[in-house]
Amino acid sequence: GRSGKSAGWRARSKGPGKNTGNIDSRPHQGTFEQTKTLFNARAREWILRAGEGPQVPEGASVTVHYNAYLEFNEEPYDSTYMRGKPETFRLNAYQLIQGLEIGIATMKKKEKSQFLISPELAYKELGVPPRIPGSKI
């Protein structure tokens, strides 16, 4: 079995070369424009609002606002909203969990998406105790 660790992103542009996103890993609710299965079904994306232009370039800096939840939990284990400001990350610089790197790389400016990410693409067997338990793969 898996102890679900998942994250959802809602992204929108703040300017040239930047995307702003929100992580929300609670199970998807509401309407969506498109759904995609990513990375051999280890991540799933719900596009809540389609973006414009090309996908985020490899190695781009992205600015994201997020809430990150463990599956089935109502309280986020991490949140830029609770800290009061978005975070900026560079893709392919090992600053994010692998599943978020994959997910953000599929996004376009002004897109809003939510992702569900398997433990293999998140914190794996070790987790980050005590807030994030290890997976049981």
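This is a tutorial dialogue on how to read several features of a predicted model.

User: I would like to begin with the interior, so which residues of the largest nonpolar core touch the most other members?

Analyst: A nonpolar core is built from buried residues joined through their side-chain atoms. In this predicted model, the largest such core has 22 residues, and those that touch the most other members are V56, V62, I104 and I117. Two or more residues each come from the strands β7 (61-64), β8 (67-70) and β12 (112-117), and also from the helix α2 (98-105).

User: Which element gives the most to this core?

Analyst: That element is α2, which contributes three residues.

User: Is α2 mostly covered or mostly open, and which of its residues are buried?

Analyst: To read this, one looks at the relative accessible area of each residue, where a value under 20% is called buried. Helix α2 is mostly covered, since six of its eight residues are buried, and these are G99, L100, E101, I102, G103 and I104.

User: My next topic is a single residue, E45; where does E45 lie, and is E45 buried or exposed?

Analyst: E45 belongs to strand β5, which spans residues 43-49. Because its relative accessibility is 0%, E45 counts as buried.

User: Which side chains make polar contacts with the side chain of E45?

Analyst: One of them is T106, whose side chain makes a polar contact of 3.1 Å with that of E45. Another is S113, where the polar contact between the two side chains is 2.8 Å.

User: How many salt bridges are there?

Analyst: The general idea is that side chains of opposite charge can pair when their charged atoms come close. In this structure the count comes to three salt bridges. One of them joins K110 and E52, with the closest N and O atoms 3.8 Å apart. This pair links distant parts of the chain, because K110 sits in the loop between β11 (108-109) and β12 whereas E52 sits in strand β6 (residues 52-55), and the two are 58 residues apart.

User: Are K110 and E52 buried or exposed?

Analyst: The answer lies in between, because K110 has a relative accessibility of 41% and counts as partly exposed, and E52, at 44%, also counts as partly exposed.

User: Which residues are linked in a network of salt bridges?

Analyst: The network links D78, R83 and E87. The side chains of D78 and R83 meet in a salt bridge of 2.5 Å, taken from N to O, while R83 also forms a salt bridge with E87, where the closest N and O atoms are 3.4 Å apart. D78 is partly exposed, with a relative accessible area of 24%, R83 is partly exposed at 43%, and E87 counts as partly exposed at 25%.

User: To finish with the rings, which residues form an aromatic pair, and what is its geometry?

Analyst: When reading such a pair, one looks at the distance between the ring centres and at the angle between the planes, and an angle over 60 degrees counts as edge-to-face. The structure holds one aromatic pair, formed by Y77 and Y123, which is edge-to-face with 6.1 Å from centre to centre and 80° between the planes. The pair links distant parts of the chain, with Y77 in the loop between β8 and β9 (78-79) and Y123 in the segment after β12, 46 residues apart.

User: How covered are Y77 and Y123?

Analyst: Y77 is buried, with a relative accessible area of 13%, whereas Y123 counts as partly exposed at 23%.

How values were computed:
Residues are numbered from 1 along each chain as its sequence is written. This is a predicted model: local features need pLDDT of at least 70, side-chain atom pairs count only at pLDDT 80 or more; totals for chains, interfaces and linings use all residues. Side-chain values use heavy atoms; hydrogens and water are left out. A nonpolar core is a set of buried Ala, Val, Leu, Ile, Met, Phe, Trp, Tyr and Cys residues joined through side-chain atoms within 4.5 Å. Buried means under 20% relative accessible area, exposed over 50%, partly exposed in between (1.4 Å probe, protein chains only). Helices (H or I, at least four residues) and strands (E, at least two) are DSSP runs, numbered from the N terminus. A polar contact is a pair of N or O atoms within 3.5 Å; within protein, one must be able to donate a hydrogen and the other to accept it, and residues adjacent in sequence count only if both atoms are side-chain atoms. A salt bridge is a side-chain nitrogen of Lys or Arg within 4 Å of a carboxyl oxygen of Asp or Glu. Rings of Phe, Tyr and Trp (its six-membered ring) pair if their centres lie within 6.5 Å; planes under 30 degrees apart count as stacked, over 60 as edge-to-face and the rest as tilted.
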